[in-house]
Amino acid sequence: MKLYSGKIPTIAEEIVNKLVGEGSIETESREEVRLDLEAVLKEYLRRDRAVVEEAKNRMEHRKLGYSHLGRTKAEVAKDMGAPTQDDILPYLIGQVLNMLFHSNNVEEIYAEDRQLRIALTPIFKRHMDLDDELDREVRSKIKNLQEGTATFEIEYGRVMEQIRRKRGLTERN
């Protein structure tokens, strides 16, 4: 699962609409709650980028190859108190609940934690479980190249970025 920066506004909007629509929360300003949610999700991405950068720095310092990134990233995440790959969804839901309970823009919360978690989970899963789908699409576009070659790797990265941009999964600078 991966949170894409381009999906943050959509996820935040869906969360607000769902929670307000089903009467789980009460707010006078949906827009402010949406902005609060976006801030929480953007902070997660900022921390994740910091973990990746630190992992790369450690790998460079230890003279490790790219194949060690996953293990090094997990080590850094643990050291920095950030979630590991398996803990991203529960972490994000916990952060969103924490924001809802502490936001000045949410007047009342009528649902229990468990109900809120059940409401939030499918929204996050729908927008974060895109990796397999993206991989299949990229591979279908470069099926004429032999996997494992440098040409394949370069073209895979180029086509993946193209598809992510086309789907609005990356922020435009």
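The following exchange walks through a predicted model, taking its largest pocket, its salt bridges and two of its residues in turn.

Trainee: Which helix supplies the largest share of the lining of the largest pocket?

Mentor: The largest pocket of this predicted model has a volume of about 1,200 Å³, and among the 30 residues that line it, Lys2, Asp48, Val52, Lys73 and Arg164 are the closest to its centre. Three helices, α2 (30-62), α3 (69-80) and α7 (150-166), each supply at least two residues of that lining. The largest share, eight residues, comes from α2.

Trainee: How many residues of the lining of the largest pocket are charged?

Mentor: The lining residues of the largest pocket can be divided by kind, and 14 of them are nonpolar while five are polar. The charged residues of this lining number 11.

Trainee: Where do Arg34 and Glu13 lie, and how many residues apart in sequence are the parts that the pair ties together?

Mentor: A search of the whole structure finds 18 salt bridges, and one of them is formed by the side chains of Arg34 and Glu13, with 3.5 Å from N to O. Arg34 belongs to helix α2 and Glu13 to helix α1, so their salt bridge ties together parts of the chain whose separation in sequence is 21 residues.

Trainee: Is Arg34 buried or exposed, and which residues are linked with Arg34 in a network of salt bridges?

Mentor: Buried means under 20% relative accessible area, and because Arg34 has a relative accessibility of 13%, Arg34 counts as buried. Arg34 also forms a salt bridge with Glu31, where the closest N and O atoms are 2.3 Å apart, and these two residues both lie in helix α2, three residues or about one turn of the helix apart. Two of these partners are partly exposed, Glu13 with a relative accessible area of 36% and Glu31 with 39%. The residues linked with Arg34 in the network are Glu13, Glu31, Glu38 and Lys42.

Trainee: Which residue forms a salt bridge with Glu137, and is that residue buried or exposed?

Mentor: The closest N and O atoms of the salt bridge between Glu137 and Lys166 are 3.8 Å apart, and the pair links distant parts of the chain, since Glu137 is in helix α6 (residues 131-141) and Lys166 in helix α7, 29 residues apart. Glu137 counts as buried at 18% relative accessibility. Lys166, by contrast, has a relative accessible area of 60%, which means that the partner of Glu137 is exposed.

Trainee: Why does Ser24 count as buried, and with which side chain does the side chain of Ser24 make a polar contact?

Mentor: Ser24 has its place in the loop between α1 (8-21) and β1 (25-26), and because its relative accessibility is 6%, Ser24 counts as buried. Leaving aside neighbours within four places in sequence, Ser24 is in contact with Leu19, Glu108, Ile109, Tyr110, Ala111 and Leu116. The polar contact, at 3.0 Å, joins the side chain of Ser24 to the side chain of Glu22.

Trainee: Why does Thr72 count as buried, and which residues does Thr72 touch, not counting those up to four places away in sequence?

Mentor: Thr72 is found in helix α3, and because its relative accessibility is 3%, Thr72 counts as buried. Not counting residues up to four places away in sequence, those that Thr72 touches are Ala55, Arg58, Met59, Arg62 and Leu64.

Notes. Residues numbered from 1 in each chain as written. Predicted model: local features only at pLDDT ≥ 70, side-chain atom pairs only at ≥ 80, totals over all residues. Heavy atoms only, no water. 1 Å grid on protein atoms, 1.4 Å probe; cavity = no way out; pocket = protein on both sides within 12 Å on 5 of 7 lines; lining within 4 Å. Points joined across faces, edges and corners; volume = space filled by probe spheres on them. Helix = DSSP H or I, 4+ residues; strand = E, 2+ residues; numbered from the N terminus. Nonpolar A, V, L, I, M, F, W, Y, C, P; charged D, E, K, R; others polar. Buried < 20%, exposed > 50% of the residue type's maximum accessible area, 1.4 Å probe, protein only. Polar contact = N/O pair within 3.5 Å; in protein donor to acceptor, adjacent residues only side chain to side chain. Contact = heavy atoms within 4.5 Å. Salt bridge = Lys/Arg side-chain N within 4 Å of Asp/Glu carboxyl O.
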